[in-house]
Amino acid sequence: MKKNKIFIFDTTLRDGEQVPGCQLSTKEKIIIAKELEDLGVDIIEAGFPISSPGDFKSVYEIGKTIKKTIICALTRAKKEDIDCAVDALKSAKKKRIHTGIGVSDIHIKYKFKSTKEKIIEQAIQAVSYAKKFIEDVEFYAEDAGRADNQFLAKIIEKVIDAGATVVNIPDTTGYCLPDEFGRKIKYLKENVKNINKTIISVHCHNDLGLATANSLSGIINGARQVETTINGIGERAGNTAMEEIVMIIKTKKNLSFETNINTKKIYSISRLVEKMMHMPIQKNKAIVGENAFAHSSGIHQDGVLKKRENYEIINPQDVGIDQSKIILTARSGRSALKHKLEKLNYKIKKENINIIYKEFIKMADIKKNIDDKDLRQLMLKINSI
Ligand code: KIV
Ligand code: ZN
């Protein structure tokens with residue numbers, strides 16, 4: 001069966017970079033942009049050019065450097081923003097403008113102090129204006145997650161008529177449940193008459209820890225582009241993590257989706273972004289956390305040593321990690337201890353393992369994590385008994 005291609009739109013350098021402490025210089029952004037291109041992302045959102053001269057320069061320089069990937073620049077639905085983005089994108093070989101406006105009642109009333117009619121007009125104007133300069137125009141309906149579906153469908157239909165090539169449906173505040181968000185995408189598929197002229201994109205935030213689940217629900221219901229960041233960094237609780245959505249697609253073959261991502265490069269870019277953006281990855285983070293492929297309980301260790309798939313649904317090598325880790329603690333069993341000792345070249349006779357294990361447990365209760373040095377000490381002690 002032919003698989004549906006899911007486009008990966010990376011916004012690490014825009015939504016990710018706007019997080020306090022994550023700011024990068026142009027040079028650093030170029031390093032990450034090159035790695036994103038190597039990784040195989042389809043679109044790099046390089047910045048928000050009108051926000052600062054530094055961001056303008058970064059978009060320009062990234063556009064000059066990157067050869068194959070589409071370079072995208074963010075704007076509000078304002079002429080001056082679009083003019084600035086068009087200038088910043090001058091150097092790019094393949095380019096996209098990402099323009100949009102808030103569409104929820106709360107944004108329309110309190111952020112814009114406007115009306116639904118005026119918001120639609122501004123959206124049409126912005127897309128039509130951007131279209132004069134750049135063919136590829138993505139429209140974002142900010143806070144679509146909390147917007148009324150009927151109004152959302154109306155504005156989306158109008159911006160497609162105005163030339164939007166991609167329509168982005170962001171759950172800006174991370175408010176939706178997966179099933180609710182999926183129904184929103186389905187509603188647009190079924191109620192926007194020109195929807196097939198465009199690609200639906202999803203851009204989900206993680207305020208309730210549902211960004212990845214919501215993005216997945218979006219693509220199951222018809223979206224074909226997902227907006228992600230490396231390690232899920234982004235405003236507040238962050239965005240959909242690239243590594244999560246890509247590995248879901250790779251692991252769950254029955255979904256019949258595919259991406260262009262070279263998954264073997266996931267781990268290295270994850271660590272690069274962690275270091276450059278000063279955003280430590282939590283140890284139990286899916287796919288790229290230090291413990292994502294570490295086994296410490298005796299039952300799991302025994303199972304993994306018998307056959308890796310007993311406790312791993314992903315081969316660590318698929319994401320660029322050499323091998324899973326067996327961590328020795330007081331919860332570990334004999335088979336993990338024997339495995340570790342043999343890796344250190346000790347020949348363990350069956351009849352001796354119980355004595356060694358007894359001493360090991362005494363040590364592990366005091367020391368918590370037992371490393372190679374501790375094991376050598378343990379064996380010295382055993383040999384002297
Ligand atoms: O979260 C959001 O709605 C955004 C838009 C600017 C796309 O980041
Ligand atoms: Zn966002």
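Reader: Which residues are around ligand 1?
Author: In this predicted model, the residues around ligand 1 are R14, D15, L74, H98, Y140, E142, N168, P170, T172, H203 and H205.

Reader: And how do those divide into nonpolar, polar and charged?
Author: The shell around ligand 1 is made up of three nonpolar, five polar and three charged residues.

Reader: Where does ligand 1 sit, then?
Author: The largest pocket is where ligand 1 sits, and the elements that contribute two or more residues to its shell are helix α1 (12-16) together with the strands β6 (137-142) and β7 (166-171).

Reader: What lies 2.9 Å from an oxygen atom of ligand 1?
Author: That is a polar side-chain atom of R14; a polar side-chain atom of H205 lies 3.0 Å from an oxygen atom of the ligand, and for an N or O atom in the side chain of H203 the distance to a ligand oxygen is 3.1 Å. Taken alone, ligand 1 exposes 260 Å², of which the protein buries 92%.

Reader: Switching to the metal: which are the protein donors of the zinc ion?
Author: The zinc ion, ligand 2, has as its protein donors D15 through OD, H203 through NE2 and H205 through NE2, at 2.0 to 2.1 Å.

Reader: How are those donor residues spaced in sequence?
Author: Their spacing is D-x187-H-x1-H, and the pair D15 and H205 links distant parts of the chain, 190 residues apart, with D15 in helix α1 and H205 in the loop between β8 (199-204) and α9 (211-220).

Definitions and conventions: Residues numbered from 1 in each chain as written. Chains lettered and ligands numbered in written order. Predicted model: local features only at pLDDT ≥ 70, side-chain atom pairs only at ≥ 80, totals over all residues. Heavy atoms only, no water. Near = heavy atom within 4 Å. Polar contact = N/O pair within 3.5 Å; in protein donor to acceptor, adjacent residues only side chain to side chain. Areas by Shrake-Rupley, 256 points an atom, 1.4 Å probe, with all protein chains shown as cover. 1 Å grid on protein atoms, 1.4 Å probe; cavity = no way out; pocket = protein on both sides within 12 Å on 5 of 7 lines; lining within 4 Å. Sits in = over half its atoms within 2 Å of the grid points. Helix = DSSP H or I, 4+ residues; strand = E, 2+ residues; numbered from the N terminus. Nonpolar A, V, L, I, M, F, W, Y, C, P; charged D, E, K, R; others polar. Donors = N, O, S within 2.8 Å, 3.2 Å for Na, K, Ca; no water.
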